[in-house]
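Open the model in a viewer and keep the sequence panel at hand. The tour below moves from one selection to the next and says what is found at each.

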Number of protein chains: 2
Amino acid sequence: MVRNVIVGCGISGAVTARILAEQFGESSLLIDARPHIGGNCYDFYDHNHICIHKYGAHIFHTDLRRVWEYLSRFTQWYPYMHKVLGFIDGQFVPIPFNLNSIRMTFPEFLARRLEEKLVIRFGFGSRISIQELRKSEEKDLVFLANHIYTKVFLGYTQKQWGVTPDKLDPAVLERVPVYVSRDDRYFRNRWQGIPRHGYTAMIASMLEHPRITVKTDTSWNDVKEEFRGSDVRIFYTGPVDELLDWRFGELPYRSVRQDFHEFDREFFQPAAVVNYPENHDFTRISEYKYFLADQASRTVVSFEYPSAWKRGENEPAYPVAGEDSHRLHRQYVEAAREEYGHIHFLGRLGDYRYYDMDKAVARVFSVTEAL
Amino acid sequence: MVRNVIVGCGISGAVTARILAEQFGESSLLIDARPHIGGNCYDFYDHNHICIHKYGAHIFHTDLRRVWEYLSRFTQWYPYMHKVLGFIDGQFVPIPFNLNSIRMTFPEFLARRLEEKLVIRFGFGSRISIQELRKSEEKDLVFLANHIYTKVFLGYTQKQWGVTPDKLDPAVLERVPVYVSRDDRYFRNRWQGIPRHGYTAMIASMLEHPRITVKTDTSWNDVKEEFRGSDVRIFYTGPVDELLDWRFGELPYRSVRQDFHEFDREFFQPAAVVNYPENHDFTRISEYKYFLADQASRTVVSFEYPSAWKRGENEPAYPVAGEDSHRLHRQYVEAAREEYGHIHFLGRLGDYRYYDMDKAVARVFSVTEAL
């Protein structure tokens, strides 16, 4: 008899199963409605020997030594450092905006003035928000803030979250960074990389344990009658509103579609990810061979189209932050606890939080420690 | 009957055997616990025809004409000039910091100011320490010193020596150099190179002498009973605390692990050695095909992880300088002399000094001259 049922075989579910198996000596049944393990981290090698992230680019980055060391038991790492370019005014410009972006964007006299003012006012190496620039009341810096807001932030955010500018919380401007350095990297974490043989291989290695049983093509609805009223623990990484048949209404989610294209050329674009804030309806294009430096004469990219989640039409990918939605999520969680007893929620969908992968793993650590 | 037993078949042991054979006309037994000659200089050609340094990158460089000429009897040299890049703020920057590094790191107005101040104050072509920069009380130069300290020196040193910043001797800042020139080389010695066919071939050639007998897979413990009480001379290049069964406690050593990876691409990184002061747990990545310009469609690198030496777990690689450790080493040496009579200590481990290869050879010259 299994002691735990884990719904969803992404990184959260897999780490949970492994910890229960090793540290608690408990058996788990791990199910996933999809035909594969890995959840949204799922990747596979295509006929070009390019490792494709089926649900969009996943780049691991963390400052949590414990998470890094835990995952390193199951994979080697390729020390990929993520760079993102924005296609802005016809140029590929480093994102977040930094001193290199300024040099590429503006004429020399203006770039120089901006560089000097940024370095003198904020210090070389600092990270500031465009909100701080605006507050500076220095005309040049306000101009720079407005340029970044309009060209880098606004269009991307509208596509990503499906909101009109007037509904954007001004607080988000606090989170639009400018780097007063020439560091083109997207992340500044100590540990960054891609599993040397892909995420699926890493997760498969985690699941190789005699106390873990995996069933793909199996949804919670397929098995729930078997466990109702039993005292198995449930770890649920899916949408909690679906679990309770949307009884309090739908939670809002964003959904993401990847349109894959293959090209008969070595490279499509100059970096793994290029953002398109202004043009087209996709937010970004990811080119997969960059992540593991796959050698291939052809290349594969995906165009990423976000949209609202609609039941029956697409899959929820991540939560939409907001007081109302978090309140509704808590209501669902409480009702689910009443109904199922030992149920725990994990992952982006279960916890209704826009976790990075490392935070999802750290959350599993804290949930299992509290058992 | 042999006249000398030499323990350890690295560069120190091999030069000792050759000098004893040629200049003294004496026979030596040269033993090594490992299955190969060469000690930590050991290299080999892999299936890609890339010459791999099994125990990490070895680059020969010296100003000692006598050492250079001596070794040149046993090998031709490939005139490799070593360059090291630091992966700092997302860029590959020449290490030690020089005027090129400054150009790459800072915005133009600041780079220009730093260049001018360095050249005017210290003179073009000079070598200064970041300690001198700090003392200058010129704000820009103090800023530069702090940048180098934080970004280049601190993280690397912590990983390399396993110490926290507060335990770092401030005197080490005297040894962190800045070059007021555009010379990207790591060393400034007159003679620099890699043995044309590798270190193992050079050492094998040295050992080709009728008065030298080599036994690998043979430790001192395997043979010591044979020689105890005899009047053979012992030349010992291993750890002296192990020789005396750690009777006064363990000497501290650092150990180094090389994690090798092969990639199906021509090059992995833009130089033979890239330091990672800030990211990851390894200190550096070495790419071996650079040293002899091996032509191969694939490439082999090693990630270098330093750690404390732990008896039975890993091998000692080099000593940890410090008053206490040097005092303990002297105590061991004196006790060993009392016990074994004619015993001499050589090499990084035997002498407990962080010798470069040329200094290890020079030390053999002076020890054999004093016989």
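The stops run from the pair of chains to their interface, then to strands, a salt bridge within one chain, and some backbone details.

**The two chains**

This is a predicted model. Colour chain A and chain B separately, then superpose chain B on chain A: the operation is a rotation of 74° with 0.8 Å of shift along its axis, and the RMSD is 0.1 Å. The two copies are thus related as by a five-fold rotation axis. To find the part of chain B nearest that axis, select Glu108(B), whose C-alpha lies 8.8 Å from the axis. The surfaces that the copies use are different, since 7% of the contact residues of chain B recur in chain A.

**The interface**

Next, select the residues of each chain that are in contact with the other. The selection should hold 27 residues of chain B and 26 residues of chain A. How much area do chain B and chain A bury between them? The value is about 2200 Å², with 54% of it on carbon and sulfur atoms. On the chain B side, show Phe109(B), His280(B) and Asp281(B) as sticks; together they supply 27% of the area that chain B buries against chain A, more than any other three residues.

Now turn to the charged and polar pairs. Three salt bridges are counted between chain B and chain A. For one of them, select Arg112(A) and Glu108(B), where the closest N and O atoms are 3.3 Å apart. Glu108(B) is also the residue whose C-alpha is nearest the axis in chain B. Polar contacts across the interface of chain B and chain A number 16 residue pairs, counting residues at pLDDT 80 or more.

To see which elements carry the side of chain B that touches chain A, colour α3 (99-105), α4 (108-122), α6 (139-161) and β15 (253-263) of chain B; each supplies at least two residues. Colouring that side of chain B by class gives eleven nonpolar, seven polar and nine charged residues.

**Strand β15 in chain A**

Hide chain B and select β15 (residues 253-263) of chain A. With β18 (residues 299-308) of chain A, β15(A) pairs in the antiparallel sense over ten bridges. One place to look is Phe263(A), which has Thr299(A) as its bridge partner in β18(A). β15(A) is also joined to β19 (residues 318-319) of chain A, by two bridges and again antiparallel. Here the residue to pick is Arg254(A), whose bridge partner in β19(A) is Tyr318(A).

**A sheet in chain B**

Switch to chain B and select β5, β12 and β6. They form an open sheet of three strands in the order β5-β12-β6, with antiparallel pairing. Which strands of chain B are at the edges? They are β5 (60-62) and β6 (77-78), each of which pairs on one side only. β6(B) is joined to β12 (residues 191-195) of chain B by two bridges, and Trp77(B) has Pro195(B) as its bridge partner in β12(B).

**A salt bridge within chain B**

Over all chains, the whole structure has 55 salt bridges. Among them is the pair Arg34(B) and Glu315(B), with the closest N and O atoms 2.7 Å apart. Arg34(B) lies in the loop between β2 (28-31) and β3 (43-45) of chain B and Glu315(B) in the loop between β18 (299-308) and β19 (318-319) of chain B, so this salt bridge ties together parts that are 281 residues apart in sequence.

**Backbone details**

Show the backbone atoms for the last stops. In chain A, select Ile95(A) and Pro96(A): the peptide bond that joins them is cis, with omega about -5°. Pro96(A) sits in the loop between β8 (91-95) and β9 (97-98) of chain A. In chain B, a cis peptide bond joins Ile95(B) and Pro96(B), and omega is about -5°. Pro96(B) is in the loop between β8 (91-95) and β9 (97-98) of chain B.

Finish at His49(A), in the loop between β3 (43-45) and β4 (51-53) of chain A. Its phi is near 65°, a positive value in a residue other than glycine.

Conventions: Residues are numbered from 1 along each chain as its sequence is written. Chains are lettered from A and ligands numbered from 1 in the order in which they are written. This is a predicted model: local features need pLDDT of at least 70, side-chain atom pairs count only at pLDDT 80 or more; totals for chains, interfaces and linings use all residues. Side-chain values use heavy atoms; hydrogens and water are left out. Copies are superposed by least squares on the C-alpha atoms of residues with pLDDT of at least 70 in both. Contact means heavy atoms within 4.5 Å. Buried area is the accessible area (1.4 Å probe) that two parts lose on being put together, summed over both. A salt bridge is a side-chain nitrogen of Lys or Arg within 4 Å of a carboxyl oxygen of Asp or Glu. A polar contact is a pair of N or O atoms within 3.5 Å; within protein, one must be able to donate a hydrogen and the other to accept it, and residues adjacent in sequence count only if both atoms are side-chain atoms. Helices (H or I, at least four residues) and strands (E, at least two) are DSSP runs, numbered from the N terminus. Ala, Val, Leu, Ile, Met, Phe, Trp, Tyr, Cys and Pro count as nonpolar, Asp, Glu, Lys and Arg as charged, and the others, Gly among them, as polar. Two strands pair if DSSP finds at least two bridges between them.
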